[in-house]
Amino acid sequence: MAKKETPVNSSNLADGEFTGVDEVSNFGDRLARYGQARSRGLVMYGHLRTEHSPDAHKAAVGLAGCGNYLHFREYFTVGKVRLHNAQFCKQHLICPLCAIRRGAKALGAYLARWEVIQSERPDLQPYLVTLTVKNGDDLSERQGHLTHALKRLMHHRRDFNAGTRGAPWSELCRAEGAVYTLELTNKGNGWHPHCHMIVLAASQPSQSALSNEWLKITGDSMVVDVRPITGDPSEGFMEVFKYAVKFSDLSLQDNWQAAQLLKGKRLLGSFGLFRGVQVPESFVDEPLDSLPFWDRFYRYMGGEYQFTGEGPKAHIHDASASGPRSFERTPEAERIVKSTHTGPVPTARKPS
């Protein structure tokens, strides 16, 4: 596969992946994104080796082996490819590959909940709400300022809805459910923490009213944005769950500084109808049980993932048997693999 010389940034890394695309036809692009993410991870690994601290050394050890090998399963009868196994360091704040997988898992879980909500409450519409605070040089202070302001905004909603005496109305009271993430950027003008939120409401929150409320809460920030999510809702949800990948846009030093400050802190939250969504701990894909598959193995070499072999063994569950039985290649299945395969197709052999 030809190596794609694409700049490593959050949009390139996240594009397509967070929507759960697993079709064979898109597999080459998916593999290229993983290669870009792994490249950035290795650059961070090199940077951390120059940082003389136990934390940096420990983080570097994790990055060294993360994603060296990827094991996919191609379910050729339905044109799907799932990531079956891989080694992950799960340091999503400094490892773009882990950030992609983490974001994809979160997106899938919340989109699934949204589909249920939509069927039960067709009156609710999704809105993308962005809340920002003024830039500053002190990352800890600015991040704390955003977190504290968000808590106050949530309290306004909770107190008014609970009928607390004297509690003021909040535009967030229109929300019957929301999921939000905290994000950081630094483009040379100081740290810029902000929050992206998907709000489910029967009517659109007023941007001007929310802006005034936000200024009263923060004391220094009034820049908010409220817009309806039209068309494919996954596009709006994707903007929220790109938060972890966005750390790869930072310089190496800023990325490491942010990771140290935010490690263990909650950057994803929800309330109302989105409360209680469980995001899977595993970063690999769910298998398609009962369907035949071929194993495909890739190794990161020379700046990209290269095909290293394919296992012709496949299994399909047989209701009449006590266990799985082998599935041999048919001429039609062989044609599918040859037309979609990114590497050499080995001669089929019967599983032992």
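This report describes the helices, empty spaces, cysteines and unusual backbone angles of one protein model. The model is predicted.

**Helix H8 and Asp254**

Helix H8 runs over residues 252–262 and includes Asp254. The buried residues of H8 are Asp254, Asn255, Trp256, Ala258, Ala259 and Leu262. An α-helix has 3.6 residues a turn, so residues three or four places apart point the same way. The cover over the buried part of H8 includes two strands, E4 (175–186) and E5 (191–201), and the helices H2 (27–48), H3 and H5 (139–161).

Asp254 carries a charge but has no salt bridge, although Asp254 is buried. The nearest side chain of opposite charge belongs to Arg40, and the distance is 9.1 Å. A salt bridge needs a side-chain nitrogen of Lys or Arg within 4 Å of a carboxyl oxygen of Asp or Glu, so a distance of 9.1 Å does not qualify. Which residues does Asp254 touch, apart from its neighbours within four places in sequence? They are Asn186 and Trp191.

**Helix H3**

Helix H3 spans residues 54–65. Ala56, Ala59, Ala60, Leu63 and Gly65 are its buried residues. Helices H2 and H8 are among the elements that cover them. H3 in turn is among the elements covering the buried residues of H8.

**A pocket and a cavity**

Rolling a probe the size of a water molecule over the atoms shows where empty space is left. The largest pocket has a volume of about 850 Å³. Its lining is made of 29 residues, and those nearest the pocket centre are Lys90, His92, Arg102, Gly264 and Lys265. Helices H3, H4 (96–120) and H8 supply at least two lining residues each.

How many cavities of 30 Å³ or more does the structure hold? There is 1. The volume of the largest cavity is about 40 Å³. Among the residues lining the largest cavity are Arg40, His92, Cys95, Phe247 and Asn255. His92 also lies among the residues nearest the centre of the largest pocket, and Asn255 is one of the buried residues of H8.

**Positive phi angles**

Four residues with a positive phi are listed here, each with its place in the chain.

| Residue | Phi | Place |
|---|---|---|
| Gly67 | about 70° | just after H3 |
| Gly264 | about 85° | just after H8 |
| Lys90 | about 60° | loop between E2 (80–86) and H4 |
| Ser290 | near 80° | loop between E7 (268–272) and E8 (294–301) |

Lys90 and Ser290 are not glycines, yet their phi values are positive. Lys90 is partly exposed, with a relative accessibility of 44%. Ser290 is also partly exposed, at 37%. Gly264 and Lys90 are both among the residues nearest the centre of the largest pocket.

**Cysteines**

A disulfide is a covalent bond between the sulfur atoms of two cysteines. The structure holds 0 disulfides. Why does Cys98 form no such bond? The closest cysteine sulfur, in Cys66, is 3.6 Å from the sulfur of Cys98, which is too far for a bond because the cut-off is 2.5 Å. Cys98 is buried, with a relative accessible area of 0%. Cys195 is buried as well, at 0% relative accessibility.

Definitions and conventions:
Residues numbered from 1 in each chain as written. Heavy atoms only, no water. Buried < 20%, exposed > 50% of the residue type's maximum accessible area, 1.4 Å probe, protein only. Helix = DSSP H or I, 4+ residues; strand = E, 2+ residues; numbered from the N terminus. Lys, Arg positive; Asp, Glu negative; His and termini not counted. Contact = heavy atoms within 4.5 Å. 1 Å grid on protein atoms, 1.4 Å probe; cavity = no way out; pocket = protein on both sides within 12 Å on 5 of 7 lines; lining within 4 Å. Points joined across faces, edges and corners; volume = space filled by probe spheres on them.
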